[in-house]
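Biologist: Could you take me through one part of this model slowly, and then follow the thread outward from there to whatever it leads to? I would like the reasoning as well as the numbers.

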Amino acid sequence: EQDCECAVTVADEWTHLGLGTLLMEHLIKAARHNGFQQMYSVDAASNAPMRDLAKALGFETSNDPDDSRQVIHRLYL
């Protein structure tokens, strides 16, 4: 199984403009083009903006079995 980790960061003054979505869509497209089967992101469970972005893009979210303060977002490509 080929998987890749993904992450985006948007500066505070550029939030709520759709940049995170746009950047993630480019990463998803590139991952598919390069034959990856799944993407994942490990984030703080308290990171609501990432949780909302992951949900909007179709990622599945689960608790990190190694750290209860983290979640893992997965997208099957």
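Modeller: His16 is found in the loop between β1 and α1, and since this is a predicted model, everything that follows describes the prediction. The backbone at His16 has a positive phi of about 65°, although the residue is not a glycine. The general background is that most residues other than glycine have a negative phi. His16 counts as exposed because its relative accessible area is 82%, and the cut-off for that word is over 50%.

Two further residues of this loop deserve a place beside His16. Trp14 also has its place in the loop between β1 and α1, the helix that spans 19–33. Together with Leu17, Leu19, Leu22 and Leu23, Trp14 makes a nonpolar surface patch of about 480 Å². One member of that patch, Leu22, can be related to the other helix: Arg51 is 29 residues away from Leu22 in sequence, and their C-alpha atoms are 16 Å apart in space. Arg51 itself is found in helix α2, residues 48–56, and it is called partly exposed because its relative accessibility is 38%, a value that falls between the limits of 20% and 50%.

The other loop residue is Ala7, which likewise lies between β1 and α1. Ala7 counts as exposed because its relative accessibility is 63%. What does Ala7 lead to, if one sets sequence aside and looks in space? The answer is Ser41: the two are 34 residues apart in sequence, yet 6.3 Å separates them from C-alpha to C-alpha.

Ser41 takes us into strand β2, and here the accessibility is of another kind, because a value of 2% makes Ser41 buried. The side chain of Ser41 has two polar neighbours that I can describe. A polar atom of that side chain lies 3.5 Å from the backbone oxygen of Cys6, while a polar contact of 2.5 Å joins the side chains of Ser41 and Asp43. As a general point, side chains in a regular strand alternate between the two faces of the sheet.

Gln38 is found in strand β2 as well. Why is Gln38 counted as buried? The label follows because its relative accessibility is 3%, and buried means under 20%. The side chain of Gln38 makes a polar contact with the side chain of Arg74, at 2.7 Å, and the bridge partner of Gln38 in β4 is Tyr76. That pairing belongs to a longer run, in which seven bridges join β2 (residues 38–44) to β4 (residues 70–76), the two strands running antiparallel.

From β4 one can step across to β3, since these two strands are also antiparallel and are joined by four bridges. In that pairing Thr61 stands opposite His73 in β4, and a hairpin connects β3 to β4 through six residues. Taken as a whole, the four strands form an open sheet in the order β1-β2-β4-β3, with mixed pairing. Its edge strands are β1 (3–5) and β3 (60–63), each of which pairs on one side only. From one strand to the next, the twist averages 25°.

A charged pair should be mentioned before we leave this part of the chain. The structure holds one salt bridge, formed by Arg69 and Asp67, whose closest N and O atoms are 3.0 Å apart. The partners have opposite labels: Arg69 counts as exposed because its relative accessibility is 63%, whereas Asp67 counts as buried because its value is 16%.

The last stop is a second loop, where Asn47 is found between β2 and α2. Asn47 is partly exposed because its relative accessible area is 28%. A polar atom of the Asn47 side chain lies 3.1 Å from the backbone nitrogen of Met50. In contrast to the pair of Ala7 and Ser41, which are 6.3 Å apart in space, Asn47 and Phe36 are eleven residues apart along the chain and have their C-alpha atoms separated by 26 Å.

Methods: Residues numbered from 1 in each chain as written. Predicted model: local features only at pLDDT ≥ 70, side-chain atom pairs only at ≥ 80, totals over all residues. Heavy atoms only, no water. Pairing = 2+ DSSP bridges. Axes fitted to C-alpha atoms, helices over the stretch in contact; angles between N-to-C directions. Patch = residues over 30% accessible without salt bridge, like charges linked within 9 Å, V, L, I, M, F, W, Y side chains within 5 Å. Areas by Shrake-Rupley, 256 points an atom, 1.4 Å probe, with all protein chains shown as cover. Salt bridge = Lys/Arg side-chain N within 4 Å of Asp/Glu carboxyl O. Buried < 20%, exposed > 50% of the residue type's maximum accessible area, 1.4 Å probe, protein only. Polar contact = N/O pair within 3.5 Å; in protein donor to acceptor, adjacent residues only side chain to side chain.
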